[in-house]
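Pull up a chair and let's take a walk through this protein together. Keep the viewer open, so that you can follow each stop along the way.

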Amino acid sequence: MALLQISEPGQSAAPHQHRLAAGIDLGTTHSLIATVQSAQARCLPDDEGRLLLPSVVRYLPGGGLELGHEAREQQAEDPRNTIVSVKRFMGRRLADLPAAGALPYDFVDGPGMVGLATVAGERSPVQVSADILTALRERAEFTLGGPLAGVVITVPAYFDDAQRQATKDAATLAGLNVLRLLNEPTAAAIAYGLDQGSEGTFAIYDLGGGTFDISVLHLSRGVFEVLATGGDSALGGDDFDHAIAEWFCGEHGLGGLSALPPAAQRALLAEARRAKEALSSAPEAALALAMPDGRRCEARLTPAQLAELGQPLIARTLAACRRALRDAKLGAQDLSGVVLVGGSTRMPLVREAVRQHFGHEPLCDIDPDQVVALGAALQADALAGNGRGDEWLLLDVCPLSLGLETMGGLVEKVIPRNTTLPAARAQEFTTFKDGQTAMAVHVVQGERESVADCRSLARFTLHGIPPAAAGAARIRVTFQIDADGLLSVSARELTTGVEAHVEVKPTYGLADAQIAGMLQAAIGASQADMQLRMLREAQVDARRLLDATESALAQDAALLSPTELAAIRQAMFAVADALETQSPVADVKAASTALSAATESFAAQRMNASIQRALAGRALDTLA
């Protein structure tokens, strides 16, 4: 006799009501995807059982590509077309990459974000990241048996607006619905706080492959409050590899890493990484490099030498830690513990430095490689509406101050760094000249007082200011920053009410139309891939339609007659049945079309009711 499953009260097991969601750690060195199943977060393996996907993409002639483990194996043989650590280039111009000359790539300096020339054509960091995200999405959909309703993607806490927007655009290009961008240290805190019931004030020390973050969080009764955050978006395990490689070059008089041919550069960096990892458990590690002229260079690296090479890098992380504690108005003695996150924290010299600096034995009992993805999965499950949203409250902060350029090229900060998100702040400004009828608004991000030392985010102009003496006009500028750390700014002249508004989307060379074009171009080359894409898109559209109809009925079912309500419910059942039984794309579309037709009259009635309410409100305002 078969056993029948019964769901918990109020939690239906129907697939159309349980939304598939996932958390993604889009890392510099490796990326992972995790989900919540049976109330437990777990990372999803590939078809060979491997959890970590190397964040490496190799582009081939004709537009093909290799990705992950396969691409990483070819990085020394094809360095110019094998892109590693692309996260470091997200939202960055060539001027933002001081070490670009030491990298074996052909960079293309764009108006806002650097590009990379490959045999398959120019690729932006957004496109490379999208290829990685696509592989993770396909892994999850294969494992879970359906399309993802949404994902939470983690980003370094110190990512600025351009880098966050670039990450969201990469997700859009990969066919993902981003529920939220979540700071990596905060994701780790969620994993520790929920899995282990931790309470108190914790420092999250996150040293990954390409970025470093430090966050100070207070955990209490399910409330996660970020007190301060800091870090360096260009500091990570890659820098230790470069330090080892430069040491090796010095030992053999090779003139530095940048003096080597691209293939030798990549081979030496791979050797440096292998040696660094080996020293986590071995007394010494050997490095060897075959030179193009036939010479073979060898060296041995000891833990003491690695500690000497890494000391300046670790000092930079500890300086950021001191700043974060100062911003939180705390000392190391006020902390309940220090959580280690990121693969680079496996290095014994890092753990010892953290132990001495904070005076606590570091917490690392959750795998540092997985903890961020696991926390993101828990947040995604809550945001998808799967019944966990009442278990915790997440109060994150913006990592960098946001403000406006004022006369003299100075910055007036409107939202200071470490302000709890989401946030809205307003400040009044005035005109500089007599008779001034317009105002140029320049939005910047950073901690320096000079605009030249901060990052420009957006510019827009407010027209229609009444001509008056300088200083007479009053313009209120409002900053709104959402839970993802993305910004919108509006300016309003208070006497006339004229207003201008901008959604701050950094101009790094990818407009919405370009993203849409890339999506069209990225539709699979094979017929099987195209059919799968069509099915997934139809399923996603059907789920959205089902959810929208359910929401509309919850609000305005009273507008329908019993017969109309029954017809809509029957059409909804048909859509849900097509989804649950994994019906062919034609059946899913047919059921969706039937539901759309059944709700046409209902939509018109809701529109009429909405218009009547709006007109009624306007009439009252006129009378007042």
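We begin with the whole chain, go on to two sheets and a buried glutamine, and end with charged pairs and a patch on the surface.

A word before setting off: what you see is a predicted model. The protein has 624 residues, and 50% of them count as buried. Its secondary structure comes to 14 helices and 27 strands. If you take the contacts with a separation of 6 or more, 65% of them are between residues 24 or more positions apart. On the outside, the protein exposes about 27,800 Å², and 53% of that area is supplied by carbon and sulfur atoms.

Let's turn to the sheets. Look for an open sheet of three strands, arranged in the order β6-β5-β7 with antiparallel pairing. Its edge strands are β6, residues 65–67, and β7, and each of them pairs on one side only. Neighbouring strands in this sheet are turned by 20° against each other on average, if direction is ignored. To see how the strands are joined, find β5 at residues 56–59: three bridges connect it to β7, and the two run antiparallel. One pair to pick out is Val57, whose bridge partner in β7 is Ile83. A helix belongs to this scene as well. Helix α2, residues 125–144, lies across β5, β6 and β7, and runs at about 110° to β5.

Stay in this area for a residue that leads up to β7. Gln75 sits in the loop between α1 (69–72) and β7 (82–84). Is this glutamine buried or exposed? Gln75 has a relative accessible area of 13%, so it counts as buried, since the cut-off for buried is under 20%. Which residues does Gln75 touch, once neighbours within four places in sequence are left aside? The contacts of Gln75 are Thr82, Val84, Arg266 and Ala270.

Further along the chain there is another open sheet, this one built from four strands in the order β22-β25-β26-β27, and its pairing is antiparallel. At the edges are β22 (423–429) and β27 (499–503), each pairing on one side only. Here the average turn between neighbouring strands is 15°, again with direction ignored. Inside this sheet, β25 (residues 475–481) and β26 (residues 487–493) run antiparallel and are joined by seven bridges. You can locate them through Ile475, which has Glu493 as its bridge partner in β26.

Now for the charged side chains. How many salt bridges does the structure hold? The count is 24. A good one to zoom in on is the pair of Arg346 and Asp367, whose side chains meet at 2.7 Å, N to O. This pair links distant parts of the chain: Arg346 is in the loop between β18 (337–341) and α8 (348–358), whereas Asp367 is in the loop between α8 and α9 (371–383), 21 residues apart. Arg346 also forms a salt bridge with Asp369, with the closest N and O atoms 2.8 Å apart. Asp369 lies in the loop between α8 and α9 and Arg346 in the loop between β18 and α8, so this pair ties together parts that are 23 residues apart in sequence.

How accessible are these side chains' residues? Arg346 is partly exposed, with a relative accessible area of 36%, and Asp367 is partly exposed too, at 30%. Another salt bridge joins Glu361 to Arg355, where the closest N and O atoms are 2.9 Å apart. Of these two partners, Glu361 counts as exposed at 53% relative accessibility, while Arg355 is partly exposed at 27%. Elsewhere, salt bridges link up into a network, and its members are Asp238, Asp241, Arg273 and Lys276.

Our last stop is at the surface. Met607, Ile611 and Leu615 form a nonpolar patch there, and together they have about 300 Å² of accessible area. To find the patch, go to helix α14, residues 600–623, which is where Met607 lies.

Conventions: Residues numbered from 1 in each chain as written. Predicted model: local features only at pLDDT ≥ 70, side-chain atom pairs only at ≥ 80, totals over all residues. Heavy atoms only, no water. Patch = residues over 30% accessible without salt bridge, like charges linked within 9 Å, V, L, I, M, F, W, Y side chains within 5 Å. Areas by Shrake-Rupley, 256 points an atom, 1.4 Å probe, with all protein chains shown as cover. Salt bridge = Lys/Arg side-chain N within 4 Å of Asp/Glu carboxyl O. Buried < 20%, exposed > 50% of the residue type's maximum accessible area, 1.4 Å probe, protein only. Contact = heavy atoms within 4.5 Å. Pairing = 2+ DSSP bridges. Axes fitted to C-alpha atoms, helices over the stretch in contact; angles between N-to-C directions.
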